Structures are given as C-alpha cells and as structure tokens.
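The following exercises ask for a careful reading of helix packing, buried cores and backbone angles. Each task is followed by a solution worked in steps.

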Amino acid sequence: MSVAEPGPIGNAIERVSGGQAPGLLRRSLAVGRTRAGLMITVLVVAVAVVGPFVAPASETGFVGAPYTPDAAGTVFGTDYLGRDVWSRFLYGGVSVLALSGLCTVIGVGVGLLVALLAGYSRTWVDELLMRTTDVLLAFPAIVLALLFLAVFEPQPATVVATVAAGHAPRVARVMRAAVLDVAGRDYVRAAESMGLRRWPIRLGDLLPNVTGPLMVETGLRLTYSVALVAGLGFLGLSGLEADQADWGLMINENRLGFTVQPWAVLLPVIAIGLLTVGTNLVADGIARAAAGTDREVGG
Amino acid sequence: MSEARSEQRGLRVRGLRVSTSAGVPVVDGVDLSVPGGTVLGLVGESGSGKTTVGTALLGGTRRGLEIVGGSVLLEGTDLVTLSETELRGWRGSRVTYVPQDPTTALDPAMRVGNQVREVLDCHDYGSGPHDRARRVSEAFEEVGLPTDDAFTRRYPHQLSGGQQQRVCIAVAFATWPALVVLDEPTTGLDVTTQALVLDTVRRLTRQHGCAALYISHDLAVVSAISDEVAVLYAGSVVEQAATDELVRRPRHPYTSRLVAAVPDLSGDRELKGIPGGAPSPSTRPSGCRFAPRCELVVPECTTELPELRLVADGHHARCIRSADVTPAHVRERRRIDEIDSAPLLSIHGLTARYGRTPVLHGLSLDVPRGTCVALLGESGSGKTTLARTIAGLHTDAEGELHFGGNRLPFGAHQRDRETRASIAYIFQNPYSSLNPRRTVGDSIGRPLRVLRGVRGAELERRVGDMLERVYLSAAYAQRYPDQLSGGERQRVAVARALISEPTLLVCDEITSALDVSVQANLVGLIEKFRQDLGLTLLFVTHDIALVRNVAQQVAVLQEGAIVEDASTEQLFHHPSHDYTKELLKTTPRLVS
C-alpha cells in the first residue's frame, strides 16, 4: 500500500489511523501465555512471601521422628532431622526469590550499563568492553559461580555477586545489539546535531527505545537466576545459616530419604519448577509481543 | 506466437472488493479493463489500496485481507474463483508480477540466468531443455541485457539496480504471460535507468500483446508509460481515461489536484498540494470519499457515493460535478530574482570520506543568504554526506567551511551553541527522525531546551506557537509520532528544526518518503518560511522537477563533485554539463 518507502515505513503509515499502539506491557498481557505465566509466578511468590507468617511450626523446631511422612500434627510429615516439612517449605522460598531477584536486577543493570557504553561509543571503549565480555562468555555460568564461591566464602552477597557476574556479559551482548540498532536512527543524529553529550543521548534517546528487548532479557535472566540460586542452594553454597530453610538446600538435605518421605523433596521441586515455568512464560509472552509489533498491521 | 494469442488477451476486472478480516473494505468495487498490448497505469497515494488491487489480480492478498467480491477475468477464466493449487499454475506463467524492489525479489544465491530458467522449468515451458535455454537467452535479449554465459552466470549482487530490475522483468515476461502486474518497479532507480526500464516494459507489452498494469504513486512516471490511467482514491477508481486526456482535461477534482501537486519540469504550473489527508480504510466518509477535501463540494456529495460514469468518449469519472472541474492552473512563468547577496555558507575544497572510501572530492560551493540552493544528485553522488558534513554530523573530512564569515568546525560538538542553533537539519525519513518515546511537544521543544535554555511555561508556549505555524494545532504537542501521518511527522520535524530560529536550514530529501500531494504542501510551507524569516535553504534532492519549483540556484552533484552550478533559470534553459542534459531529457513529464 505504501509507496517509495520500504517495509517498516509502510507499516507505520498504516498504523497511524489506529492511534498510538498500546504499550508493550499491555500488549504482552494480551498474549495468553503471559497471563498464565504471571498467575503461576504470583502464586509461587505469594507462597514464599506469605508462607513464613502462616507456617504452623517454626523453621528449625523438631516436631517428630526423621523421615516420617505421617507424623502427628504435620501436613507433609518431617524431614531428615525431624523438622516440619510444610513449615520449612513455607519459610524456604524467600531466600531463593530474594537472591534471584537481586541477581537479576544487578546482572541486568550492569549488563545494560556496559551495553549503553559500548553500543554508543564507536571507539576502543566498545572493543575493550565487548572483547572482555567475550572472554567472560567462554565460561558457563555455573562453572563461573563455583569458581567464585571456591575462592570467596559462600555468603548471600557472594552468591548474588557471582550469579549477577554470570548474567552481565550475556545481557551486555544482547542489549548492545539493540542499542546499536537504535543508535543508527535519525533521531539520535538529530540529538547529536544539537550538540548533546553522549550520556544525555544514552539516557534520553537510546534507553527508552530498548525497553522492549530489556524486558525480555530481564524475564529470561530471572528464570536463569532462580535455577542457579536454587542449584547453588542444593550444593549448599548459598551461604545461608546452617539450619535456615531454603528450597534448594531442602532438596539436597532430603534426597536420600526420597523413597520414604518424598514430600520433603517434591514440594521445593514443584515450587522451583513452577517459578521457572512461570517466569519463562512471562518472558516469552513479552518477547512475542515485542516481536509482534509489525504483526498488528494489516487493515 | 504473440500475434496468435493477442486476440483473446486482455484483463477485465469487475466490482473487485477486498476487505480486512474485520470486514472493513480496503478496495471497494474496482472496475478495470486492460486490452491486450496496452499498459494501464494505476495511480494512487498511500492507503489508496493500489498494491492490494495489484496482488488481488494475482488472486492473492496480504495477510489479514480477503477478496470478498467481484471477478478478475483473464483469458475467459475468473481468477477469483480458482483454488490455491490452480492459482499456482497461473502465477508466474499466465499472470506475472514485477515487484518494487529487485534486491529483495531476486534470490541472492542463484545465478540470474537460472532465475529466469526456474520459472520456465516450474511451468513446463516449451518442448524441452533446449527450448527453455533458448527462451532464457531470448528473455535476456528482450530486456536489453547481454545473453552470453558470462552475464547470465552472474549473481544478482554483481548487477546494477537497473539490470536487476530488468532481470525481474525478464522473469515476468519469460512465459509469454497474459497479464503482467508491475508494482512501482522504478521507485528505487535513478531517472536515467528508470527511462530505460519504462521503455523496456512498454516495448515488451506491445511485442507480447499482453495486458500490463503499472502501479505507481508517481503520475509523471505513469503518464510516460501508460495508454490509459486509472486514478485510485480511498479504495475505488475515481477516474479512468486515456493518459493524455486525463492529464490535460481531468474530470474528477482529485485528479485535477493530483496533477497540480506533481512538480512540473517546465515550471509552467504552480505547485499546489491538496489540503487534508487521504482517509484510512476505517475512516472513509460516506458519500464521495474526496468530499471533505474537495473545493467543489455540494451537499449532495456527502450523502451518496457517486457512480463511475461516462463523462466523455472513453473517459469515466466518479463525480457529480465533473463538468465543473478545471484543469490544473497554468501560471505566469515564475520570475526568479537575481542572486546578489553574500554567501551565508561557503565550502572550499571539501573532501569527505567513510574510512578509506572518499565520497566528496575537493568540493566548493557558495550558498547565498536568503536563497534556496538545490543540491541535485542521484543515489551515491555524496549529497547526503555533504549535507551531514554541513550539519556537523560527519567529521571525517578535510577542507574549509565558512558560515556567516567564520570558520565552521566539522563536528557539532566543536561548534558553539549559537552556531548549532543557527544550522538546522531536516532528515529524509520522518519515520525515523522522531523519537517514538517522546511526545511531539517534547521533540520540538528539545532544541530550545538544549540550545537556548528555555524551560517551563515559556517553552510550552513557544512549542504551541511553532506547531500552529506548521499548520498543526497546539494539541499535537501531547501526541506521539506513531499517531501522526507521514506528512504530519515531517511538519513536526520542520517545527523542530525551526524552533531555535536558525538561519540555515539543510533539507535532506525531506519529501522523498511522502506522497506528492503532501510533498507540495511541505514545499509550500518551507518556501513560506524562507520568505517570512529570510531563511537560507540547502535543499538536497534527486528530483529535478522539484528543483525547478523550489530553488533559485542549483548545484548538480555527480560522484562527489559538483559538475554544474548555475541559477535555476540558466540550468533549465542552457544546461552545460552532459549529465544535466541527460537528466532533463530522461525525466518523465506530465504533458509531453
């Protein structure tokens, strides 16, 4: 329908009459999988946040003999030391969620910063930053995390730092590509011709126009964070107090008694599984909505 | 072969209707007939539905659309009733298509000879491999390309844009089709190449005796190739007549205004836009679609959609007042004042490059104060690089720039605030020059904020003023770019450029993404600012006809050097360089 201009412009012409396209968030919510994912995620988060307040027993108290599925006064029986599985499950979500949330925010934040710096500098800074991320990318995230935790004492702060350090180069790679694309647009040149410095352009022109990929990337990194944090917890490397409840740790502690008392393992497994699936669905929904901007044309 | 078949050839389209899946009509009852051996030009602006008509003739639609009525009769068969499998047999053999952009239409990994061969193999052409090989080289010969192996074994990227498009045309004509649909096939080509391609299409249509539908937004191009022209507006044909008749004596107000909006190479006609914008499919008015923009509108126009009726011999128009439509206004030849002012901008020995590739070679140019200097050149001539260098966006350069008597540094950062405010730049593409995440008001006000430190209520007031001066209301300040049409966006870009009160305005192909009616409005707006504010303009363009209508002085750029620099009058009457002469000769004119 359009004339001299290539695809995207023609698309834009046709979108004009429909008024401003709704925001990415609203479009994402129109995708079924986003809504389903959001419900699952909210459910798991609610269990983790509200859990400690409604737990029938304490986090550390002994309520019966070890590995007793039907111990008196318990819902899901006792764990390997005789503590209440249901209560420990309700207590154990906060650490996973808080840690993975922090890892995501820090990892994505650092990655974004590197991307904005590298994607809009066109100098050796870009080369230096990107070659460094290439080197970091050579290590699998879990290996990098184990390496760090072997050198430094496992503390929650160390866990957050190592997992975030694993995310940052990956986020930087993806976001740099997005920034590069936007940096070539004419409105960035218009800002340059006004003599604006690089940081005002980065924050005022580049950042607002890469929010789509940024949201997708954040969702994806949250999913990976949950898996990594739970995995480190399983290995006993989350740096928590010895008897503190933690979903990852629970799986490890109780795996030997799985045949006798499956609940102590199943509950955290289901919760982590649901959380991963939920956040993944949300990330996927956002990605689809972001990629689908050109699909709403046609009429 | 061709003579025998041409008898029954010809296309008849009756009441073709295409709607979106939601039921909004995009093409609303189009009737066309194209006798064999002739070219029908289908002219329309963005959103008129011309591409939808073109694809419907191949029995297809874009995603989200469907053909809901009418017939497309070709060789006694109604293509609309065919199944997808039957259509595949027709497409590429009886009905063929030449797309707008040959670079995306040709397979980059297949030799061009094989691309022609492929369509023959696919439709079992002729009696065998030998026959097909002969037809391939015939097809290349028909479009004026070499037939030797050295050429046919090349890949698309080894050909020029014009050669690529001719390969596409060879593919389209290879199977002796009954109908060829050409969708803006010359849009991406330079005028000299365009003339060659148009010649080829016209000649082949005659030679093959097939019907050709040439879709374009450019009335001048269409009038150069077509026997008849149909004008499409808001999904229906508003006028159809023999080309000459339609241009000289339009009987529909839209056609008349469209003719007036096409820049005239002879400079005899006043360039005049059409107020308002074409309605989108969902906002088409009841009654005559053009009524809201029409000067001849009477109350009856808004109540009922007029029929397409015969108004003269072979001339149909969809207007109840067709007898009152006047041809485009002919004006006194425009007198252009002698240029005697001192240069505001002078360029001496400018050499610019991208990495190691030089783009401009020691170029010198003076831009006199208060005039509009056109920088004319085809793609790759370096005109955008020159414009960007002046705007401080390209710094890989040597030579001297002087602005208002002072030496002008290359980078925008090295220029003082006052200089940056004094040189404004408008980009070619209004779809990428406005930040989609900023409101229009925010974008327009930004230069004032950054360069003049204006803030708060004062800023808001001046943005509102500026919007009104580009004929948008102050309420537009709250909107986002994607709520605006292309023409409106470009006016916002003009407002952004002018708000810091510059003295030099660099316009880089600012109308090339716009429809002609919108282009004429924008050019009028810029000219008004030049006169009112004493602006100096550097108008970069590839359109020589447009140059005649906007500029007082013209610099012709070829391969990074200025080959001719003269006043507009002199350039058009006594061109001195061969390249200019060639351009003047090959640019299509509305009235020959």
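**Exercise 1. Determine what share of chain A is buried, and describe its secondary structure and contacts.**

Solution. In this predicted model, buried residues, meaning those under 20% relative accessible area, make up 48% of the 299 residues in chain A. The next step is the secondary structure, which comes to 13 helices and 0 strands, and the order of elements from the N terminus is accordingly α-α-α-α-α-α-α-α-α-α-α-α-α. Turning to the contacts in chain A with a separation of 6 or more, 73% of them are accounted for by residues 24 or more positions apart.

**Exercise 2. Describe how helix 5 and helix 10 of chain A pack, and which residues make the contact.**

Solution. Two packed helices are described by the angle between their axes and the distance between the axes. Helix 5 (residues 93–119) and helix 10 (residues 198–206) of chain A pack at an angle of about 115 degrees, and their axes are 10 Å apart. Because angles of 65 to 115 degrees count as roughly perpendicular, helix 5 of chain A is roughly perpendicular to helix 10 of chain A. The crossing of these two helices is right-handed. On the side of helix 5 of chain A the contact is made by A:Leu113, A:Leu116 and A:Leu117, and on the side of helix 10 of chain A by A:Trp199, A:Arg202 and A:Leu206. Sorted by class, this contact has 5 nonpolar, no polar and 1 charged residues.

A further step considers the buried residues of helix 10 of chain A, which are A:Ile201, A:Arg202, A:Gly204, A:Asp205 and A:Leu206. They pack against helix 5, helix 8 and helix 9 (186–193) of chain A, together with helix 15 (440–452) of chain B.

**Exercise 3. Carry out the analysis for helix 7 and helix 8 of chain A.**

Solution. The axes of helix 7 (residues 141–151) and helix 8 (residues 156–183) of chain A come within 9 Å and cross at roughly 145 degrees, and the crossing is right-handed. From helix 7 of chain A, the residues A:Ala141, A:Leu144, A:Ala145, A:Phe148 and A:Leu149 take part, and they meet A:Thr158, A:Val159, A:Thr162, A:Ala165, A:Gly166 and A:Arg170 in helix 8 of chain A. By class, the contact of helix 7 with helix 8 of chain A has 7 nonpolar, 3 polar and 1 charged residues.

**Exercise 4. Identify the residues with the most contacts inside the largest nonpolar core, and examine the surroundings of B:Ile169.**

Solution. The largest nonpolar core has 59 residues, and those with the most contacts inside it are B:Phe140, B:Ile169, B:Tyr214, B:Leu219 and B:Tyr254. Helix 8 (residues 161–173) of chain B gives the largest share of this core, 6 residues. When residues up to four places away in sequence are not counted, B:Ile169 touches B:Val98, B:Val143, B:Val197, B:Val201 and B:Leu204. A second, separate core has 57 residues, including B:Cys507, B:Ile526, B:Ala545 and B:Val550.

**Exercise 5. For B:Ala234 and B:Tyr471, state where each lies and whether it is buried or exposed.**

Solution. Most residues other than glycine have a negative phi. B:Ala234, however, has a positive phi near 50 degrees, and its place is in the loop between strand 9 (228–233) and strand 10 (236–242) of chain B. With a relative accessible area of 2%, B:Ala234 is buried. B:Tyr471 has a positive phi near 60 degrees and lies in the loop between helix 16 (456–469) and helix 17 (486–498) of chain B. At 55% relative accessibility, B:Tyr471 counts as exposed.

Note on methods:
Residues numbered from 1 in each chain as written. Chains lettered and ligands numbered in written order. Predicted model: local features only at pLDDT ≥ 70, side-chain atom pairs only at ≥ 80, totals over all residues. Heavy atoms only, no water. Axes fitted to C-alpha atoms, helices over the stretch in contact; angles between N-to-C directions. Helix = DSSP H or I, 4+ residues; strand = E, 2+ residues; numbered from the N terminus. Parallel < 35°, antiparallel > 145°, perpendicular 65-115°, else oblique. Left-handed = near helix turned anticlockwise from the far one by under 90°. Contact = heavy atoms within 4.5 Å. Nonpolar A, V, L, I, M, F, W, Y, C, P; charged D, E, K, R; others polar. Core = buried A, V, L, I, M, F, W, Y, C linked by side-chain atoms within 4.5 Å. Buried < 20%, exposed > 50% of the residue type's maximum accessible area, 1.4 Å probe, protein only.
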